[in-house]
Amino acid sequence: MCASAKYNTRGPALIPRMKTKHRIYYITLFSIVLLGLIATGMFQFWPHSIESSSDWTVEKRSVHDVPVVKLPADSPIPERGDLSCRMHTCFDVYRCGFNPKNKIKVYIYSLKKYVDEYGTLVSNTISREYNELLTAISDSEFYTDDVNRACLFVPSIDVLNQNALRIKETAQALAQLSRWDRGTNHLLFNMLPGGPPDYNTALDVPRDRALLAGGGFSTWTYRQGYDVSIPVYSPLSGEVDLPERGPGPRRYFILSSQMALHPEYRLELEALQAENGESVLILDKCTNLSDGVPAVRKRCYKNQVFDYPQVLQESTFCVVLRGARLGQAVLSDVLQAGCVPVIIADSYILPFSEVLDWKRASVVIPEEKMPEMYSILQSIPQRQIEEMQRQARWFWEAYFRSMKAIALATLQIINDRIYPYAAISYEEWNDPPAVKWSSVSNPLFLPLIPPQSQGFTAVVLTYDRVESLFRVITEVSKVPSLSKLLVVWNNQNKNPPEDSLWPKIRVPLKVVRTAENKLSNRFFPYDEIETEAVLAIDDDIIMLTSDELQFGYEVWREFPDRLVGYPGRLHLWDHEMNKWKYESEWTNEVSMVLTGAAFYHKYFNYLYTYKMPGDIKNWVDAHMNCEDIAMNFLVANVTGKSVIKVTPRKKFKCPECTAIDGLSLDQTHMVERSECINKFASVFGTMPLKVVEHRADPVLYKDDFPEKLKSFPNIGSL
């Protein structure tokens, strides 16, 4: 009882009450500490643009009032340049570390004016092009102004044009950089290397281990996987606006616009012109221009004057020959014009060839084959030429049109080397926006659980050809990987045969009766399909062997997002009718495989049934045609990829099938198929089909080996 009396409403009486002045003191002290912690945190996480006084700022970019650095004559000079350098030997990846965005950090040294011991400038003031390049980097997500966070260092010393450099003094200036360390993790940009008389294909400035983004590499000076081959920027890119011209035939077949060519090259070009007449145009420098007319913007042939680079748009192919240097700015002009460059420069490393597929946009011809150039180019199909024209223009827009584009592409390539698991894909580097629809991404992914059944399900659409149907079932049942056979009975006026009449096979056979006779029934996502792989096959495709079907399934397993099939078809652009045309003749190209015999992922059944754009599905059912073309459009549009034709066979149907039985033999069939392609292209708003010139065959298919050594010996020749 006595103890309880020592407590009151303010707490235990045993604890002395804090005096007011002490309480104020402790509250003030706590507040100061708390504010200090807050200020420290804000300073730590505030954007780094306020951290450093030596960052790359607008003021620092000015050539006025920049620090002057005198280089004594005995200043150290870096080593010549290590040709054995690779990313794993000369680049310190540990500087880059891990960051959630998988982006390297690039630091730009502040601008300084270097002079020799006599006060003479080491190089001219920073060029407009290099200023644009540094500005692009400083405005990009790669940039950091914190030298301690940097993975890559870019000097503000302009070495784009070796003609403007004093080699020794420039090397001494590089060695003065605070983080030089033999050039480790330093990146130099150079577009015009070498000088007379040798014109070396790489920058002559000693640079030790520094990476070089160079505009004229040869196979002898390019360090594969270390240096970056970049374009020679054309100033006309920023001065001349060439509107994009659609692909197709043009006035001239071959055009050469370069001035000051080697006499031997010009003689060979003139011989080509004499042999092929007006389809070849060889231009040269104009000698009779009026005063004030810029010679760089004009080209002449005899007394004719042509505007340059506009004249490049008048030719299908444009010649890009080596000059004193391998890299030529005319390549950029040619790409801008949408003219397919014919590159004749032995050992030249094409710009960004590490990631760009130049076969899609150019033709490379050895110098010794110049006399054969015309016949070589004539052998290229018109469709391929048009795709190359589109690709050429897009390469310019994406990677050539500005110093900013060149700088960011260079940094992205280096970034992909350092963070390969987050690297940009081949498609992202090479596919134009026309095929980069927002919906284009591989819809397939590794399942969280395995499929209910391995192998594939064969889905046979039939109406009333029972005898042929049974033969198909018998042949398909011989395929080792067959898991189930599903027959879609599309005849509402006739019952399917009795159970006792069906062929006896080793796998389950299920018959599904449909409510209406629609071609789209073959692509319905039936619950009975428990495998990921589906083989759609017509009831008259009896000539495919079990080896051919098994091989097709093995190919599909490698490419589960593709249509993998047997009968190949092609779509063509009819220039006279100005519309698409369906082609079933045997050609060297294919853009579709018919789903009368094709493997695909069952996910596409869902997309076809529930996500087909517009009225395509209803249109197919109403016309009883083109469901296979619609599926080709759908898969190509979703994935952005081509079909894969397997095995060489071209005849598939039973010899006894007559024109009455076969829909595809109807006289109006070809016309309707062409209408389908134009209809679907209109609904999709583009042409998603991809043309390819290859097929998949077994490795030992045509080799002279005993049959028992071949995995798929029974592959039909037709």
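**Exercise 1. The surroundings of α16**

Which elements do the buried residues of α16 pack against? Work this out on the model above.

Before starting, a short note on the ground rules. This is a predicted model, in which local features need pLDDT of at least 70 and side-chain atom pairs count only at pLDDT 80 or more, while totals for chains, interfaces and linings use all residues. Residues are numbered from 1 along each chain as its sequence is written, and side-chain values use heavy atoms, with hydrogens and water left out.

*Solution.*
- Step 1: find the helix. α16 covers residues 616–623; helices (H or I, at least four residues) and strands (E, at least two) are DSSP runs, numbered from the N terminus.
- Step 2: pick out its buried residues, which are I616, W619, V620 and D621. Buried means under 20% relative accessible area, exposed over 50%, and partly exposed in between (1.4 Å probe, protein chains only).
- Step 3: look for their neighbours. These residues pack against α15 (603–610), α17 and α18, where contact means heavy atoms within 4.5 Å.
- Step 4: walk past the end of the helix. M624 follows α16, and its phi is positive, near 50°.

**Exercise 2. Two of those neighbours**

Describe how α17 and α18 are placed relative to each other, and list the residues that touch.

*Solution.*
- Step 1: take the axes. Those of α17 (residues 627–639) and α18 (residues 669–684) come within 10 Å and cross at roughly 30°. Axes are lines fitted to C-alpha atoms, for helices over the stretch in contact, and angles run from 0 to 180 degrees between N-to-C directions.
- Step 2: classify the angle. The two helices are therefore roughly parallel to each other; angles under 35 degrees count as roughly parallel, over 145 as roughly antiparallel, 65 to 115 as roughly perpendicular and the rest as oblique.
- Step 3: list the contact. D628, I629, A630, F633, L634 and N637 of α17 meet R673, C676, I677, F680, A681 and F684 of α18.

**Exercise 3. An antiparallel sheet with α18 on it**

Trace the sheet that contains β22, and find its edges.

*Solution.*
- Step 1: order the strands. Three of them form an open sheet, β23-β22-β24, with antiparallel pairing. Two strands pair if DSSP finds at least two bridges between them.
- Step 2: find the edges. β23 (579–583) and β24 (592–593) each have a single partner strand, so one side of each is left without a neighbour in the sheet.
- Step 3: add the helix. α18 packs on this sheet and touches β22, β23 and β24, its direction making about 135° with that of β23.
- Step 4: check one pairing. β22 (residues 568–574) and β24 are joined by two bridges, with G568 opposite V593.

**Exercise 4. β15 in a parallel sheet**

Is β15 mostly covered or uncovered, and which strands does it pair with?

*Solution.*
- Step 1: place the strand. Five strands form an open sheet in the order β11-β10-β14-β15-β16, with parallel pairing.
- Step 2: check burial. β15 (residues 340–344) is mostly covered, with five of its five residues buried.
- Step 3: sort the side chains. In a regular strand the side chains alternate between the two faces of the sheet. Here V340, V342 and I344 point one way, and P341 and I343 the other.
- Step 4: pair the strand. β14 (residues 315–321) joins β15 over five bridges, and V319 has V342 as its bridge partner. Towards β16 (residues 363–364) there are two bridges, and V342 stands opposite V363.
- Step 5: add the helices. α10 (residues 382–400) lies across β14, β15 and β16, at about 90° to β15. α7 (residues 263–276) lies across β10, β11 and β14, at about 145° to β11.

**Exercise 5. β17 and its partners**

How many of the residues of β17 are buried, and how many bridges join this strand to β18?

*Solution.*
- Step 1: count. Seven of the seven residues of β17 (residues 456–462) are buried, so the strand is largely enclosed by the rest of the structure.
- Step 2: split the faces. F456, A458, V460 and T462 lie on one side, with T457, V459 and L461 on the other.
- Step 3: pair the strand. Seven bridges join β17 to β18 (residues 482–489), running parallel, and A458 stands opposite L485. Six bridges join β17 to β20 (residues 533–538), also in parallel, with D538 as the bridge partner of L461.
- Step 4: follow the connection. β17, α13 (residues 466–476) and β18 make a right-handed β-α-β unit; a crossover is right-handed if, with the strands pointing away from the viewer, the path from the first strand over the helix to the second runs clockwise.
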